[in-house]
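Thanks for coming. I will go through one model today, starting with the terms and then moving from helix packing to the chain contact.

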Amino acid sequence: MFSNEIISMLVEGTWVTLYMTLTSTFFAYILGLPLGITLVLTRKDGLRPNQFIYKIIDVVVNIVRSVPFLILLILIIPFTRALVGKSYGPTATIVPLTIAAAPFIARLVESSLLEVDQGVIEAAQSMGASTWHIVWKVLLAEARTSLIINATIALATILGYSAMSGTVGGGGLGDIAIRYGYYRYETDIMFATVILLILLVQIMQYIGTKVAKKIDKRYR
Amino acid sequence: MEEYVLKGEGLRKVYYGEGVSVEALKDASFTIYPGEFVVVLGPSGSGKSTLLNMLGGMDQPSDGKLFYVRQTKNGPEEIELTSLNADKISDYRREAVGFVFQFFNLIPSLSALENVELSASMSENPRDCREMMRLVNLEGREKHFPSQLSGGEQQRVSIARAIVKRPKLLLCDEPTGALDSRNSVEVVKLLVKVKEEMGCPIIAITHNAAMAQVADRVFYMKDGMLEKIVTNEHPIPVEEMVW
C-alpha cells in the first residue's frame, strides 16, 4: 500500500513522537512532581501550611494551564531558541511540551496525594514521622497506584500535544499528518498516522493499567 | 520531684470557626502516673479526643500547661510540652508516645509486619518487630495486608505498631469503637497485658463504661469539663470484665 520510503518515514515518525513524548513527560515530572507535593503540603490543612507559597504556585499553575498549547508553543519560541539553539524539530519541541505539561502534572500529583486517607497521615504524624518521611513513606507510597494511572493520562495528553506541534514543524507523526495529509491531500498517510497515534495511546494505557494493578497491594 | 509521667494544669482548648468559637476543653488539671491504666469516659463531644490529642502532642492547648517527665541517664527531667516548637513536639511523639486509633489507620499498601517495621524505623531503640507480632497473637499473619485482616486483627497490629518503639505512654482513641464485643474484650485484654509487660501508662478514651471496670483510675468528662477523677480501688481482672 505504501512505498518503503513512506513506511520508513512513518516508523521514524513514530520513534520521534515517542522520543518527544517520553522525554517531555520525564522533564515535566521533574518540575511537576515537586510542585504537586508542595501544593499538598502548603495548603491550608496540609502538613506545612503556607498560604503565600501555595497561592503563588496555584496561580502560576492556573496561568500556564490557561494558555492553549499551540499559543504557548509560539509564545516561548525565544526561550526555546535560547535553550536548545533552534525553535523547530523534535528536541526544540520538548521545551514547550515540558512547560505546558508540568502544571498539568502538578495538578494530577496533587489530586493523587489528596486521595491518601487522612487517618493514615495522622498515624504517621503520631509516630513522630518527619514531613519528608511522611511524603516519601506514606503519601507517595500510598498514592503510587493513582500516580501511575495519572501518569498514563499525562502521557496520552503530552502525546496529543506533540502531534499538535506538527503544525509548526515539531517533527513526529503530527508533523507527517500535517505535511502529507493537510498540505498535500494524501489522506491515506494521514489515516496511517492517526492509527499509529491510537496504537501508541492504547499501548501506553495498557502498560499503565498493568503496572498500576501490579503495584496495588490494597486489593490483593 | 513528684514521680509522674504527664501533668496537665488548667488545660483549655478553644476552636475558632467562622464567627463562632467552641470551647472543647475547659480548665482540665490532672496527673498521669507510671504504669497506670486510665480510662477517660464521656459522651461524644465531651472533649475526650481533644484531651488525648493534646497529651499526644497532636494538638496544642489554647491555655494551660502540660508537663512530661523524661527519664534520662542523669535522672528525671521535666519538660514543658506546651513551650516546645513543632519539631520538638514531633521528637516527643517519636520518643514517647504510642498511639492507637479507633479505625486503626494502618497503611493499606504495607503488610502487617511492614506497618510495625515502619514505626520501628523511626525509633532509636525499637523492640523486635516479629516479637511484637507474637505478643499481639498474630504470629503467622505477618505478610497479610490490612484488607486481609479482621477489624480486631487490624487493631492488634496497630497496638504492635504503637508499642514496638517502647513508648513512655500509650494513648488509645476509642480502641474498641469499631469492634464487636468479642474483639473489644480481646483488645482490652491485650492493653492490660501491654501495661503489665511494659509498665507504661495507658490512657484510653471511650464512651463504653465497661472498660472502666479494669482501669486504675477513671476520668469522667462532660461538655468539655473534666468533671471528676475516680480511683478504682479494686479494678477487676480483665477476664471477669462484662462487656
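A definition first: helix axes are lines fitted to C-alpha atoms over the stretch in contact, and angles run from 0 to 180 degrees between N-to-C directions. Helices themselves are DSSP runs of H or I with at least four residues, strands are E runs of at least two, and both are numbered from the N terminus.

This is a predicted model, in which local features need pLDDT of at least 70, side-chain atom pairs count only at pLDDT 80 or more, and totals for chains, interfaces and linings use all residues. Residues are numbered from 1 along each chain as its sequence is written, with chains lettered from A and ligands numbered from 1 in the order in which they are written.

On confidence, the predictor gives the complex an ipTM of 0.84 and a pTM of 0.85. Chain B has a mean pLDDT of 92 (the predictor's confidence in each residue, from 0 to 100), and 99% of its residues reach 70 or more.

Now chain A. It has 10 helices and 0 strands, and its C-alpha atoms fill a box of roughly 65 × 45 × 25 Å along the principal axes. Of its 220 residues, 39% are buried; buried here requires 20 or more other C-beta atoms within 10 Å of the residue's own, exposed is 12 or fewer, partly exposed is in between, and C-beta atoms are placed from the backbone. Contacts are pairs whose C-beta atoms, placed from the backbone, lie within 7 Å. Among contacts in chain A between residues at least 6 apart in sequence, 69% join residues at least 24 apart.

Next, what packs on helix 5 of chain A, residues 90–114? Helix 1 of chain A, residues 4–42, has its axis within 5 Å of that of helix 5, and the two cross at roughly 40°. The pair is therefore oblique, a class left over once angles under 35 degrees are called roughly parallel, over 145 roughly antiparallel and 65 to 115 roughly perpendicular. The crossing of helix 1 and helix 5 of chain A is right-handed, that is, the near helix is turned clockwise from the far one by less than a right angle, anticlockwise being left-handed. Their contact divides into 23 nonpolar, 7 polar and 1 charged residues. Nonpolar means Ala, Val, Leu, Ile, Met, Phe, Trp, Tyr, Cys and Pro, charged means Asp, Glu, Lys and Arg, and the others, Gly among them, are polar.

Helix 2 of chain A, residues 51–66, packs on helix 5 at about 130°, with the axes 9 Å apart. That makes helix 2 of chain A oblique to helix 5 as well, but the crossing is left-handed. A:Val61, A:Val64 and A:Arg65 of helix 2 meet helix 5 residues including A:Ile99, A:Pro103 and A:Phe104. By class, this contact has 6 nonpolar, no polar and 2 charged residues.

Further along, A:Asp188 lies in helix 10 of chain A, residues 187–215. Is A:Asp188 buried or exposed? A:Asp188 is exposed, because it has 11 other C-beta atoms within 10 Å.

In chain B, 8 of the 8 residues of helix 1, residues 48–55, are buried, so that helix is largely enclosed by the rest of the structure. Just after helix 1 of chain B, B:Gly57 takes a positive phi of about 70°.

Last, the contact between the chains, which takes 18 residues from chain A and 20 residues from chain B. On the chain A side, helix 6 (118–126) and helix 7 (131–142) each give two or more residues, and helix 6 gives the largest share, 6 residues. That side divides into 7 nonpolar, 5 polar and 6 charged residues.

Definitions and conventions:
Two residues are in contact if their C-beta atoms, placed from the backbone, lie within 7 Å.
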